[in-house]
Amino acid sequence: MLLRRTALAALFTAVATLAGSAMAADLPEPISALLSNAGIPQQAAGIVVMRGNQTLIDHNSSQSMQPASTMKLFTTLAALEQLGPAFRARTELRTTADVERGVLKGDLIVRGGADVDLNEDVLLHLLQALRNQGIRKIKGDVILDRQLFQPARPDLGQPPFDEFPWAYYNVTPDALLAHSNLLRVELRASASELSVAMLPELEQVSVKADLQLIDAPCASWEKDWRTPEVRQRGEQLTVVLHGRYPRNCNKSTSLDVLDHHDFLARLLRAQWRKLGGSLSGDVREAETAGLAPDSRLLAEHQSRSLPEMLRDVNKNSDNTIARTVYLMLGSLQADAALGSKPLPADDSVASTAMRADLAIRSWLQSQRISADGLVLDNGSGLSRVERATPAQMAAVLQAGLRSPWMPEFLATLPIAGTDGTMRKRLKDSPATRRARIKTGTLNGITAIAGYVYDGANQPCVVVAFLNDEHVAGGAGRNVLDGLIEWVARSAP
């Protein structure tokens with residue numbers, strides 16, 4: 001690695017002063033050489049580098065390409081601009097029934113408002129608010145209202161994205177997603193025994209390990225993992241883990257294996273029982289959108305502010321929150337008192353996702369950014385169909401510098417050699433702590449988009465999409481890191 005960095009440094013120094021307009025039409029020699037060494041054809045690369053209004057590199061900038069998770073920048077900046085930094089999502093407990101002698105004489109409505117922080121602790125506090133009001137028994141049903149998003153269950157009937165449908169990054173959001181629908185499983189193995197524990201506690205749900213202990217490095221514990229199985233016997237669900245697992249290894253993982261309704265219903269029952277409450281009816285899904293006009297609020301929770309959500313989206317490349325924010329653009333508006341409230345109904349748009357698509361395109365139009373060739377799917381980049389041009393991405397980044405919420409937007413981006421998905425990249429480099437870069441990776445795709453300070457401490461917009469099978473094994477990442485270093489060394 002040291003020899004590689006030394007060779008790159010010498011090469012970059014030789015050409016750094018040639019970074020002006022003469023190179024705008026072609027790739028600089030160091031970047032061309034990195035692509036060639038990686039076996040990545042130049043037509044598979046789309047690269048834009050700009051210093052202010054000066055274009056340093058313009059290579060295939062108008063080519064529609066797959067941006068992977070850099071697509072999150074479209075979603076996050078549009079959300080900041082349209083919803084504002086004070087925006088917060090909401091979860092509400094409501095009812096139309098009276099309370100008599102500790103008994104809620106009708107249904108309890110759990111109204112989803114795209115609250116990304118709705119976890120077991122939040123739910124426990126919401127239910128505790130009912131107990132604090134003297135409610136100990138719910139005589140009716142608990143109604144789970146996910147109707148803010150249409151369809152209310154976008155996860156149903158969808159084919160798996162890849163061969164790991166249970167993985168945390170594949171969780172499909174809904175407006176009432178509890179604990180990200182993830183079971184946290186802790187595995188502890190000695191030389192001869194394996195124990196397994198599960199969080200959070202769900203009513204009549206347990207986990208069982210059908211794992212063969214083997215001699216293998218703990219770091220490779222996922223190598224022999226097989227698809228978890230959910231067995232049902234009456235009301236009891238058992239999550240069974242299959243495969244092989246290293247001896248003397250302690251690890252934890254998060255699994256998306258339960259239906260969204262089952263997960264929340266069983267979590268709610270367990271939490272309500274823990275507080276000494278009882279439920280006479282069922283837990284069921286709301287069938288229609290819209291609140292009863294005479295419903296009243298019993299308890300509420302507001303999520304973190306939008307900029308805090310977006311830090312998770314961009315720094316950690318959280319697909320589930322990104323997809324939720326995308327759907328917020330098609331369903332919610334900011335409200336100074338409540339944090340957020342539903343948009344007025346629009347029967348001319350078939351789904352929340354379509355409305356979000358229109359919201360982002362409207363924002364792009366307001367910024368005079370062309371949407372030609374742009375394909376939006378879920379706003380996270382975890383998609384085989386989402387596409388954008390490097391020029392469009394560069395224009396979004398330039399809009400970020402003009403935005404009144406520029407500090408909040410920049411604070412969401414991973415810092416080279418410091419945090420997020422860039423934590424281990426470009427350490428001991430001229431770009432360390434001087435580049436804020438959103439990364440993106442899918443099979444056959446690697447990408448970056450963000451800002452790099454050059455050798456004269458001037459901010460540069462940097463975008464690079466590589467769409468080619470040869471990006472695998474770190475080859476594509478080496479090219480992108482080399483590009484960032486080249487920019488960090490360049491000077492006007």
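**Exercise 1. Two packed helices**

At what angle do helix H6 and helix H7 pack, and how far apart are their axes? Classify the arrangement and describe the contact.

*Solution.* The model under study is predicted.

Step 1. Two packed helices are described by the angle between their axes and the distance between the axes.

Step 2. Helix H6 spans residues 306-315 and helix H7 spans residues 319-328; they pack at an angle of about 130 degrees, with their axes 9 Å apart.

Step 3. Angles over 145 degrees count as roughly antiparallel and those from 65 to 115 as roughly perpendicular, with the remainder above 35 counted as oblique. H6 and H7 are therefore oblique to each other.

Step 4. On the H6 side, Met-309, Leu-310, Asp-312 and Val-313 make the contact, and H7 contributes Ile-321, Ala-322, Val-325 and Met-328. By class, these residues comprise seven nonpolar, no polar and one charged.

**Exercise 2. The disulfide**

Identify the cysteines that form a disulfide, and determine whether each is buried or partly exposed.

*Solution.*

Step 1. Searching the whole structure yields one disulfide. The partners are Cys-218 and Cys-249, with an S to S distance of 1.9 Å, and a pair qualifies when the sulfur atoms lie within 2.5 Å.

Step 2. The cysteines come from distant parts of the chain, 31 residues apart. Cys-218 belongs to the loop between strand S11 (205-214) and strand S12 (225-233), whereas Cys-249 belongs to the loop between strand S13 (236-246) and strand S14 (250-255).

Step 3. The link is right-handed, with 65 degrees about the S-S bond.

Step 4. The cut-off for buried is under 20% relative accessible area. Cys-218 has 24% relative accessibility and so counts as partly exposed; Cys-249 has 0% and so counts as buried.

**Exercise 3. A five-stranded sheet**

Give the strand order of the open sheet of five strands, name its edge strands, and state which helix lies across strands S1, S21 and S22.

*Solution.*

Step 1. The order is S2-S1-S22-S21-S20, and the pairing is antiparallel.

Step 2. Strand S2 (54-59) and strand S20 (435-442) each pair on one side only, which makes them the edge strands.

Step 3. On average, neighbouring strands of this sheet are turned by 5 degrees against each other, direction ignored.

Step 4. At the S20 edge, the partner is strand S21 (residues 445-453), paired in the antiparallel sense over eight bridges. Within this pair, Ile-437 stands opposite Gly-450 in S21.

Step 5. Helix H9 (residues 390-402) lies across strand S1 (45-51), S21 and strand S22 (459-467). Relative to S22, H9 runs at about 150 degrees.

Terms used
Residues numbered from 1 in each chain as written. Predicted model: local features only at pLDDT ≥ 70, side-chain atom pairs only at ≥ 80, totals over all residues. Heavy atoms only, no water. Pairing = 2+ DSSP bridges. Helix = DSSP H or I, 4+ residues; strand = E, 2+ residues; numbered from the N terminus. Axes fitted to C-alpha atoms, helices over the stretch in contact; angles between N-to-C directions. Contact = heavy atoms within 4.5 Å. Nonpolar A, V, L, I, M, F, W, Y, C, P; charged D, E, K, R; others polar. Buried < 20%, exposed > 50% of the residue type's maximum accessible area, 1.4 Å probe, protein only.
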